Amino acid sequence: MQTDIVKQEILLIIDTFSKKELCEKNGSQSYCHQSFAKQLEEACWNGLLDEMLIGIVQELSSQKRLCLWQIQQSKSFLQIELCNYPHKVEKHLSINPYVFLSTAIQN
C-alpha cells in the first residue's frame, strides 16, 4: 500500500514579526535575550505557528493536521516544513530560494 505524502512549506520572513510581542507571550527573561530568529523558531515549535498564521497550516481531508517536521534558519527567513509522513525534499519543488535556485543553475 502506497502512502500519500502531503507536504507544506512556509517561509517566515523574520523582520515581519514583533520581538516585543513574542517576549510578552513567553514571559521568560532568558527567552528575550535570545536572537529574534531563535525566539521565532522556538515559538513555532511551541505551537504559536497556528496563532501567527491563522488558516495557513493545511489540514488533511481526514481532519488530521500536518506535523511540524523541520525548521531551517536562514539569514532573513525561517523555512518551516510541515508533513504527514517523513520524506526527502525534492529540491526543484521547494519554495526556499537557496534550494530551488541551485537546481535551476544546473539546468
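Select strand β3 and show its side chains: both of its faces are covered, with Phe77, Gln79, Glu81 and Cys83 buried on one side and Leu78, Ile80 and Leu82 buried on the other. In a regular strand the side chains alternate between the two faces of the sheet. The model in front of you is predicted, and in it seven of the seven residues of β3, residues 77–83, are buried, so the strand is largely enclosed by the rest of the structure.

Next, add the strands that pair with β3. Strand β1, residues 7–13, runs antiparallel to β3 and is joined to it by seven bridges; to find one of these pairings, select leucine 12, whose bridge partner in β3 is leucine 78. Strand β2, residues 67–73, also runs antiparallel to β3, and here six bridges make the connection. If you follow the chain from β2 into β3, you will see that the two strands form a hairpin with three residues between them, and within this pairing leucine 68 stands opposite leucine 82 of β3.

Now move to helix α3, residues 36–52, and select leucine 49, which is found in this helix. Is leucine 49 buried or exposed? Leucine 49 has a relative accessible area of 5% and is buried, because the cut-off for that class is under 20%. Expand the selection to its contacts and, leaving aside neighbours within four places in sequence, you will find Leu12, Ala43, Cys44, Val57, Ile80 and Leu82. Two residues of this set, Ile80 and Leu82, were met above among the buried residues of β3, while Leu12 is the one that pairs with leucine 78. A distance label between the C-alpha atoms of leucine 49 and leucine 68 should read 9.4 Å, the two residues being 19 apart along the chain.

The cysteines make a useful next selection. Cysteine 44, one of the contacts of leucine 49, is buried, with a relative accessible area of 3%. Cysteine 83, in β3, counts as buried at 5% relative accessibility. Which cysteine sulfur is closest to that of cysteine 83? The closest one belongs to cysteine 67 and lies 7.3 Å away, which is too far for a bond, because a disulfide requires the sulfur atoms to be within 2.5 Å. A search of the whole structure finds zero disulfides.

From there, go to histidine 87, in the loop between β3 and α4, the latter spanning residues 97–106. Histidine 87 is partly exposed, with a relative accessible area of 28%, and, when residues up to four places away in sequence are not counted, it touches Ile5 and Lys7. The C-alpha atoms of histidine 87 and lysine 7 are separated by 9.2 Å, although their positions lie 80 residues apart along the chain when counted as an offset.

Finish with the empty spaces, beginning with the largest pocket, which holds about 160 Å³ of space. To outline this pocket, select Ile5, Lys7, Gln8, Glu9, His87, Lys88, Val89, Glu90, Leu93, Ser94 and Ile95; by class, the lining comprises four nonpolar, three polar and four charged residues. The count of cavities of 30 Å³ or more comes to one, and the largest cavity contains about 40 Å³ of space. Its lining consists of Lys7, Trp69, Glu81, Cys83, His87 and Val89, which divide into three nonpolar, one polar and two charged residues.

Technical notes:
Residues are numbered from 1 along each chain as its sequence is written. This is a predicted model: local features need pLDDT of at least 70, side-chain atom pairs count only at pLDDT 80 or more; totals for chains, interfaces and linings use all residues. Side-chain values use heavy atoms; hydrogens and water are left out. Buried means under 20% relative accessible area, exposed over 50%, partly exposed in between (1.4 Å probe, protein chains only). Helices (H or I, at least four residues) and strands (E, at least two) are DSSP runs, numbered from the N terminus. Two strands pair if DSSP finds at least two bridges between them. On a 1 Å grid over the protein atoms alone, a cavity is a set of points where a 1.4 Å probe fits but cannot get out, and a pocket is an open set with protein on both sides within 12 Å along at least five of seven lines; lining residues have an atom within 4 Å of a point. Grid points are joined across faces, edges and corners, and a volume is the space filled by probe spheres set on the points. Ala, Val, Leu, Ile, Met, Phe, Trp, Tyr, Cys and Pro count as nonpolar, Asp, Glu, Lys and Arg as charged, and the others, Gly among them, as polar. Contact means heavy atoms within 4.5 Å.
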